[in-house]
Amino acid sequence: MATTFDAPRTSARRGNLEKWGWIYMRASGVVLVVLIFGHLFINLVAGEGVKQVDFAFIAGKWASPFWQVWDGLMLWLALIHGGNGMRTITNDYVSNPTANKLLKGAILVAVALLIVLGTLVITTFDPCPPNAAPGTLPDFCSALTR
């Protein structure tokens, strides 16, 4: 009688991480389609089209918490989605364990840094800072101080 051996099992944690990464990619992809097409419609089609997009347009948009959440959610989902995709590519094509860990670490640092910086820009954006030189402010700021 022949002896059979079971295939080596990967740790449950790794398999679970891959499963949740797969689910995240599908779910975030669907949400991103809605967010991105909404973003493109509002910025490029509605109103005066692309001619309306300038500093004042963005300042007015980000004055609303709705658009801050919309753009922040789009930023977070897109960066994590892209980082997870790069992690998957790294796992598939980089066989050297050291290089694999280095590349995945670099991806993690890049994604985390861009999320932090992007979130700071969206949440702390002030088109009319109080101590700015008057010549450097947009025209609509002078109307706000009167």
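At 32% relative accessibility, Ile-80 counts as partly exposed, a class that lies between buried (under 20% relative accessible area) and exposed (over 50%), as determined with a 1.4 Å probe on protein chains only. The model is a predicted one, in which local features need pLDDT of at least 70 and side-chain atom pairs count only at pLDDT 80 or more, whereas totals for chains, interfaces and linings use all residues. Residues are numbered from 1 along each chain as its sequence is written, and side-chain values use heavy atoms, with hydrogens and water left out.

Ile-80 is found in helix α3; helices (H or I, at least four residues) and strands (E, at least two) are DSSP runs numbered from the N terminus. Not counting residues up to four places away in sequence, Ile-80 touches Tyr-24, Val-111 and Ile-115, where contact denotes heavy atoms within 4.5 Å. The C-alpha atoms of Ile-80 and Leu-108 are separated by 9.2 Å, although these residues are 28 residues apart along the chain.

Ile-80 and Leu-108 are also among the residues nearest the centre of the largest pocket, together with Gly-83, Asn-84 and Arg-87; the lining comprises 14 residues. A pocket is defined on a 1 Å grid over the protein atoms alone, as an open set of points where a 1.4 Å probe fits, with protein on both sides within 12 Å along at least five of seven lines; lining residues have an atom within 4 Å of a point. The volume of the largest pocket is about 330 Å³, taken as the space filled by probe spheres set on the points, which are joined across faces, edges and corners. Helices α1, α3 and α4 (97–124) each give two or more residues to the lining, and α4 provides the largest share, with six residues.

The 28 residues of α4 should span 40 Å at 1.5 Å a residue, and this agrees with the 40 Å between its end C-alpha atoms; the expected span is 1.5 Å times one less than the number of residues. Asn-96 caps the N-terminal end of α4, with a side-chain oxygen 2.9 Å from the backbone nitrogen of Thr-98. Buried positions in α4 are Asn-100, Ile-107, Val-111, Ile-115, Gly-118 and Ile-122, and the buried residues of this helix pack against α2 (55–62) and α3.

For α3, the expected span of its 29 residues is 42 Å, in agreement with the separation of 42 Å between its end C-alpha atoms. Among the buried residues of α3 are Trp-67, Trp-70, Met-74 and Leu-77. These four join Leu-32 and Leu-35 in the largest nonpolar core, which has six residues in all; such a core is a set of buried Ala, Val, Leu, Ile, Met, Phe, Trp, Tyr and Cys residues joined through side-chain atoms within 4.5 Å. The elements giving two or more residues to this core are α1 (12–45) and α3 (65–93), and the largest share, four residues, comes from α3. Beyond its neighbours within four places in sequence, Leu-32 is in contact with Met-74, Leu-77, Ala-78 and His-81.

Ser-28, found in helix α1, counts as buried at 2% relative accessibility. With neighbours within four places in sequence left aside, Ser-28 contacts Leu-77 and His-81.

Overall, the protein chain contains five helices and zero strands. Of its 146 residues, 23% count as buried.

Notes. A polar contact is a pair of N or O atoms within 3.5 Å; within protein, one must be able to donate a hydrogen and the other to accept it, and residues adjacent in sequence count only if both atoms are side-chain atoms.
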